[in-house]
Each structure stands twice: as C-alpha cells, then as structure tokens.
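Q: Could you pick one small spot in this model and walk me through it slowly? I'd like to see what it touches, and then how the surroundings fit together.

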Amino acid sequence: MSTQSFDIVIRGGRVVTPKGTAETDIGIRDGRIAVLGSGLSATAEVVDASGLLVLPGGVDAHCHIDQMVSSGARTADDFEGASVTAAFGGTTTLISFAAQHRGQSLRRVVEEYKTRAQGKSVLDYGFHLIVTDASQQTLDVDLPALVNEGFTSVKIYLTYDALRLDDRAALDVLTAVRRERAMPLIHAESHDMIAWFTEKLLASGYGQIHHLADARPRLAERDAVHHAVSLAELVNIPIVLVHMSSAEAVEQVRWARRRGFPIYAETCPQYLVLTREALDRPSFEAAKFCCSPPLRDKASQDALWSALSDGTLSILSSDHSAFVMEGPDGKLRDGPDTVFNRVQYGMPGLELRLPLIFSEGVVSGRLSIERFVEVTATEPARLYGLAGRKGVIAPGADADLVLWDPKKQIRITPEALHDGLGWTPYEGRCVTGMPVMTMARGTVVCREGERLAAGGHGRLLARARPEACAINTPPVTGFDVVSGQFICDVPAS
Ligand code: DUC
Ligand code: ZN
Ligand code: ZN
C-alpha cells in the first residue's frame, strides 16, 4: 500500500507488458507513470479499469500524414484529423514522414512538416526523414544537424522513378546514416523488374487495376530485400525493412537474421488480413485495396503471421496513406479507367491497426497479448529512439495508456471510424476487442466514442539515437566506410 498521492490512478485493470500480464494499479503524476502497485490513492481521478486490459498506447511508426507524395498528390488528412483517428484506435505516438523531393533542402522540408503538425496533433509525433537527394548539403550538413535534433531515422527507396536511389547513392546515404548513428528504413522492391513488367503489361493492354499485383510481383520484393541486406552489410549498418508483404520477403529476412546480422522488419495489417483477390472488384472498389507493395496470397499471409509471432518480423505499423477517391489528389485520378500504375497507392490504417490485429491475432490465437503489445508499441519505440519513454508501462514512461475492452465487438463501416474519409478497405468486417479510453501523457484524448483533447496537445518528439545503431561489430569487408580505414583483416573471399 503506497501512501503517495497521484493525479490519476488507474485501478483494477490487467496491465500488459511484453514480459507478462498482471493485475495492478497505475499511479500517474505530471503526465508520467509514477508507480505500479496496489491500493494507490489519487487526488484527482480514479479510473476504474476492472474487466479491461491496460495496454501501452500504440506506437505507429509508419504513417504518411499531410504528405506530398511523389506524384504530386497530397494525402487526405491533416495532423489533427490523423491523430484523432489514431487515438480512437488506441495509438498514442505517431512517426510520420518529412519527405524530401529531389532538389529540395532537407532542412526546409523538415521545417515545413513541423509547421504542418504543430498546434494540430493531439498525439506526440516524430518524423522519419525521406532522403531522395543524396547531395553533399543533405548528407554532410542537414542530416547531421537533424539527427542531433532528434530526427534519428531515414527512409530510402529502391523503387519509383522520382524517389529511388541507385546503389551508389544508397550506399552514400547509408554511410552518412551510419556515421550519425541513426536508423535507416528501406522500401525494398526491385525497380527495374517492376518497370520492365509494367511496360510489358501495358503494351499488351493489361492496364486494369488487378494487374498491379502482377506488375509488382513477390519476386521483385524478394530480390530487393536480399539486395538491401547486402547494401547494409557492406556498410555495416542495421536496417528496418518496411512493409514486408510476402512469404519470399520473410524468407530473406529469416536468412539475414540467422546469420546474425541486425536486420529488423515490419509488416502491416493489410498484408495480414487482406488478399489480392480484392483487386478483382470493379475499379472504384478495387482502388481501395491498392497499396505498394501490393496485397498477396493466403500463403504469404500465413508466412507473415508466423514471422510476426516468432520474432522474424519485429514491428507492426499501419503504413497509413489515405487518399480521397477522385480528383487530382484521388486514388483514381484518371477516373474509373485509371491504369494500375497511375492509381495512388495507400490505405487508411491509423484507427484499425490495433483492433484488426488484436481480433485476427490475439482473439484468433495467432499472437499472444504480450507479443501484440511488443510489436505494436514497445519494439517500434525501442527501434526508433523512444525506449523507456513510449510503448511501455513502467515508472518514468509517459502515461500513454489505453483501456481496452477485449470483448467489445464492432462491425466496421466508414461511419464507425473517425477519419472522415468515407471509405475503408475493411468495410463489413467484424472485429472483437476495441479501446474504450486513450490517454496521452496523462490527458484523456478520447473515451467511449467522445473526443476530449484539443489539437496541439501533442508535441514533437526529439528521439534519441536508437540503441541498435551503436554498432560494434567489425565490417564484413574489413574496411570501415565511415573512418575510411581498414580496421581488421578478413579472410579473402
Ligand atoms: N511506400 C510506402 O511506404 N507507403 C505507401 C506507398 C509506398 O510505396
Ligand atoms: Zn514504402
Ligand atoms: Zn509507407
């Protein structure tokens, strides 16, 4: 029995951490978790959590919010709308993207995205830097300063004409990221395979939407995942492979990890619960299911579930990328006959990431509740420099908490969601398990369907350099790219 007093006490819930689940009270003071124990008293509010799970708020480490994408289209939501919909789904931290397009100053891009979020987001947020222009100014001036300011992760693309880096540029970026001890994220699909196949399909008149899955085959992902791992090994840097979608990609990740190389990989709800057959619907329906990499088959789904459960895949993010359906920013910007490579790829996912995976994973017996918390909150926080602060229920962490009713069922409709988008690829699906209250830094953001926090409650997170990036293994080649010196002998190969 503690005699201290707290601003808020959450009483009687089953508290979940990656290490186990136990009934305990949580004492909160000044927006942080002060203590876990029993019989705690509060000066302000006691929240009765009996019959509920208490989870660390979700950390969604891959979402595109208020972003200008390479086609010139803008995603549909701003930071207020996106953070509110995320909070209703049990997420309390967002890591979105500050996307550099070629010729742009990375510094100016970041300042622009900071302005977009500031005063709007109800949740704490950070930005990964998307680097498409590997200039000296970007790599030697802007990047070091930005990493020092807490932007400690960088995404690069191996595909898309407007975004991709060739190998030399990719190695330059990885070397600079390694020097700064930041974390790289890699979009791994083979550009030339996709470009070649797209050209052949279009030349033969196969432009319909369902050919998206043919044009971006699993082999193109397998090939690029293997290649990305080789690039990382050459430079001796850990990487996060984002949005793994196929059994073949999982096989490559498993191969890399078996060899002891620090490869981390992410998947997303759409690859776990949807399949490519959805693309066979008429175009206005099929467009809802277009993402990149595309949806795959049931065998890939099964492989992803196993890999998520056994630790081959480390994190589960939404890859939220919401677009309206029509108009210049729409998924079908050329109308119902938009060819597959002109569709705007991406799906909304902020609000349903946790409910879908709880229902299909935990309720269906494919994931333990502890693993669910680990992949949706604890591990993304750890990988991206928020360890101990976000994604955990422990003294000293921010009081980002979700009261979760494991029995509550809903049938998904656009009206049941809070994104105002008017469509969802999950329409008609029923899920079991929903958040009933989401708290961010001790403030209740939403409760029983009601929004309670104002835009601007969220703060920009200065993230630490991820622990995983403090590399102390010798380079496979013996040559250290950062110091420019041979630092050890390696057997001739
Ligand atoms: N890559 C992403 O990470 N998200 C949306 C589309 C894409 O190509
Ligand atoms: Zn990507
Ligand atoms: Zn993405």
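A: Let's zoom in on Ser-153: leaving out residues up to four places away in sequence, it touches Phe-127, His-128, Leu-129, Ala-182, Met-183, Leu-185, Tyr-384 and Arg-463, where touching, or contact, means heavy atoms within 4.5 Å. This is a predicted model, in which local features need pLDDT of at least 70, side-chain atom pairs count only at pLDDT 80 or more, and totals for chains, interfaces and linings use all residues; side-chain values use heavy atoms, with hydrogens and water left out. Residues are numbered from 1 along each chain as its sequence is written, while chains are lettered from A and ligands numbered from 1 in the order in which they are written.

One of those neighbours, Phe-127, sits 26 residues away from Ser-153 along the chain, yet their C-alpha atoms are separated by 8.0 Å. Another neighbour, Arg-463, has a side chain that makes a polar contact with the side chain of Ser-153, at 2.9 Å. (A polar contact is a pair of N or O atoms within 3.5 Å; within protein, one must be able to donate a hydrogen and the other to accept it, and residues adjacent in sequence count only if both atoms are side-chain atoms.) Ser-153 has a relative accessible area of 0%, so it counts as buried, which means under 20% (exposed is over 50%, partly exposed in between, with a 1.4 Å probe and protein chains only).

Ser-153 is found in strand E12. Strands (E, at least two residues) and helices (H or I, at least four) are DSSP runs numbered from the N terminus. Now slide along that strand: E12 covers residues 153-157 and also holds Lys-155. That residue brings us to a metal site, where Lys-155 (NZ), His-187 (ND1) and His-243 (NE2) are the protein donors of the zinc ion (ligand 2), at 2.1 to 2.3 Å. Donors are N, O and S atoms within 2.8 Å of the metal (3.2 Å for Na, K and Ca), and water is not among the atoms, so sites may look incomplete. Along the chain these donors follow the spacing K-x31-H-x55-H. His-243 lies in the loop between strand E14 (239-241) and helix H8 (247-258), so pairing it with Lys-155 ties together parts that are 88 residues apart in sequence. Both Lys-155 and His-243 are buried.

There's another zinc ion to meet: ligand 3 lies 4.2 Å from ligand 2. The zinc ion (ligand 3) is coordinated by His-62 (NE2), His-64 (NE2) and Asp-319 (OD), at 2.0 to 2.1 Å. Its donor residues are spaced H-x1-H-x254-D in sequence. His-62 belongs to the loop between strand E8 (58-60) and strand E9 (63-64), and Asp-319 to the loop between strand E16 (315-316) and strand E17 (320-321), so this pair links parts 257 residues apart in sequence. His-62 and Asp-319 are both buried.

So how do the two sites compare in donors? For ligand 2 they are Lys-155, His-187 and His-243, and for ligand 3 they are His-62, His-64 and Asp-319. Start at Ser-153 in strand E12, step along that strand to Lys-155, and then cross the 4.2 Å between the zinc ions.
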